[in-house]
Each structure stands twice: as structure tokens, then as C-alpha cells.
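Got your viewer open? Let's take a short walk, one selection at a time.

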Amino acid sequence: MKITEPVRAFHLRFGSHDLVEPFKEFIEKVLAPKGINHLVLESNTSFVFESHPEVTGGTLTKQDAREIAAVCKNNGIRLIPLFQCLGHQGWGGAPNSILKAHPEFDETPYVPLDAEWPDIFCRSWCPQHPEVNQLVFELMDELIDAFCADAFHVGMDEVYEIADDNCPRCKGKDRAELFAKAVNDLHSHLVKKRGVEMFMWGDRLNDSEKLGYDQWEGDMFGTHKAIDLIPKDIVIMDWHYEKLAAYPSIANFIEKGFTVIPACWFKTAAAVDFLNESKRQAQELGLEDKLPGMVVTSWNGWDKESFERFINMTPAPKECDEKLEELEELYRTLSAITEKLNSRI
Ligand SMILES: [Zn+2]
């Protein structure tokens, strides 16, 4: 299935069996009334995997996934599971449950467990390890089936550990080619074999020097040329959380033939500016259909209290220059962006 309607998307990290009830209530009482019709649910390894119990890092069960999927379906929301691929396999030097169970997949096994930025950002798996894809595809298959999903988000933001000089398979290889190989391997499985629509973050494909971004929102490290080496039916979520003078990656993705969905965070003025600018770029190119909507991301740790706060947080404060704490401003951003997208302004 492909995107067929305006996208009003929300993203959150979620992987707790104990929070399923408040989460379902949040979907029904907050997201659905706001008109959200795509939910990017980043569960990563927080799912109880039956095919590979050794990589289970959380408590979300198959039954939980089915229940969440049913609530989404009943509310007209397309659920997109997100599973971080390649990079973000842990935090700093600490490995996640995949690399703990399978240290042979670690691109930088020599990095100490307590290493921190700037020595390491996050560990990656090695895209050239001959067995890594089989494991990852089986984990993805479980998530697709459990969530009854017709779309899948592979993450792939902020990948800095790639083509490491100490990796016997990757040493000396071109970073863009290795990044593209990882994307193409995932595309083969997800799109060609499973028939789901593939989503990914856009930052590693942005040429920072040409487009004027920093090392987080764009690439200064050698991966961006992968933009010309991957299929154009991958939907790109391009995140920019601060108000910038320009966001030229939006037009760049569209001109390259991609569908692109700008991704904002909690800062309302930045989010509104980013959406307006993105629409202007798509209109100038005469390719508005390549910009189907926007995704509001959240990076707070969701718990029972924060779900309940959102459920009870009405009406949204309107003034953009008001000083608010992050959750309140996130709610205001969700309201402002969905209002604009609902009315197609
Ligand atoms: Zn490697």
C-alpha cells in the first residue's frame, strides 16, 4: 500500500506492556480527535520476539501489538512500526540487546562499554556481516505481522559508526556505498518481498556543506551520496527541530524523486515555519503530491502520567511566544500542525 491521503503523523517510542491501556486511551482521546492518521510507533528491541528471544529488550507482546493495531484501525490510523537499523544500536558505548546477544555484528567491538560522545555516538551493526540481515529480517517480519502493518520505518538517522578502520569487512570502503547497501538490503526485504511501504529518516542523505546543515541534520562524514543509490519509493522523513533560515533538503528530496515528510519536534514556531517553508518549496516545484503532510515527533519518555496529562490537556494554549514546558509545547505543536493539515492551509 502507498500513501493515498494527506499524512498527519505522530511519532513516539513505545515498548511497555504495562502502558498499553493508557497508550490506547491516548490514541483514542488525543491522536484520533486531532486527526492523526499515521502513527510511527518506535518499538525497536522493546518487543518480546518469539523468533529471537535473546534480543528481546522490553515487554511489549504480540497480543499488545494486536490490541494497539486494532485501536489504530478503528480510528482510521495507519500504524508504522519503527525499528532502528544500522545505527543507534545502543547509547554511547553501551550496546543494545541485539549487540549484547550478537556481539559478532558490532561494527566497533573494540570501543569500551562506557565510552561517550565524542568518542562514540552510538554503536552500529556491520552492514557487511553475512548473517546480520537474516536476523534483522526475522525481527521485522515479527513486527509486521504483530502490528498487521503495511508500512515499516527503518530509522537510520545519525549513523556515525560505518566503514570503521578496524572492521575487517568494511575497512577502506566508501561510506555512502555501505549506507546504500544497508538501505537496499532492507528495501529488498520490506518492499520487494513483504510488499510494505518503507520509511526512513533523511539526515544521512543531506549534504551538509551544500545544504547548510550541521553534522546532525545533515552529513559531513561521507554517507550523503547514498541519496543517488537507493530506490525512490522510500518515503523520507526529514527532521529539523529548530527554526532555520532555510530547509533546502525538502526541495532536494523532491527533485530527486522522493516523497518527503517533514518531521518537527515540540517547538511550535519552528514546526509551523518548517511546514510553511516545505509547502512553499513543493508548490514552487509544482510537486505538492510529493509532500503529503508532516510528522510530529516526541522524544520524551512516555509514562502513565504523561499520557494522562495529554488526555486532560485541553484546550491548547495558543500563543506561540508563551514559555511552556516541553510536554505542553508538544501538545500545542500537535494542535497547530494538525489544524493546519486538517484545513489544508
Ligand atoms: Zn563492517
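This tour goes from a metal site to a few salt bridges, and keep in mind that the model is predicted.

**Stop 1: the zinc ion.** Select the zinc ion and show the side chains of Glu107, Cys126, Cys167 and Cys170. These are the protein donors, sitting 2.1 to 2.3 Å from the metal: Glu107 uses OE, while the three Cys residues each use SG. Look at the angles among the four donor atoms: they run from 99 to 119°, and the site is tetrahedral. Along the chain, the donors follow the spacing E-x18-C-x40-C-x2-C. Now keep just Glu107 and Cys167: Glu107 is in the loop between helices H3 and H4, Cys167 is in the loop between strand E6 and helix H5, and the two are 60 residues apart. Both Glu107 and Cys167 are buried.

**Stop 2: helix H5.** The whole structure has 18 salt bridges, so pick one to start with. Select Asp185 and Lys181, whose side chains meet at 2.6 Å, N to O. Both lie in helix H5, four residues apart, about one turn of the helix. Lys181 is partly exposed, at 27% relative accessible area.

**Stop 3: a loop and a helix.** Next, select Asp228 and Lys256, which form a salt bridge at 3.0 Å, N to O. Asp228 lies in the loop between helix H6 and strand E8, and Lys256 in helix H7, so this pair ties together parts 28 residues apart in sequence. Asp228 is partly exposed at 47%, and Lys256 is partly exposed at 29%.

**Stop 4: helix H8.** Finally, select Glu277 and Arg280. Is Glu277 buried or exposed? At 19% relative accessibility, Glu277 counts as buried, because the cut-off for buried is under 20%. Its salt-bridge partner Arg280 has its closest atom 2.8 Å away, N to O, and is partly exposed at 36%.

Notes: Residues numbered from 1 in each chain as written. Predicted model: local features only at pLDDT ≥ 70, side-chain atom pairs only at ≥ 80, totals over all residues. Heavy atoms only, no water. Donors = N, O, S within 2.8 Å, 3.2 Å for Na, K, Ca; no water. Tetrahedral: all angles 85-135°; square planar, octahedral: opposite > 155°, others 65-115°. Buried < 20%, exposed > 50% of the residue type's maximum accessible area, 1.4 Å probe, protein only. Salt bridge = Lys/Arg side-chain N within 4 Å of Asp/Glu carboxyl O.
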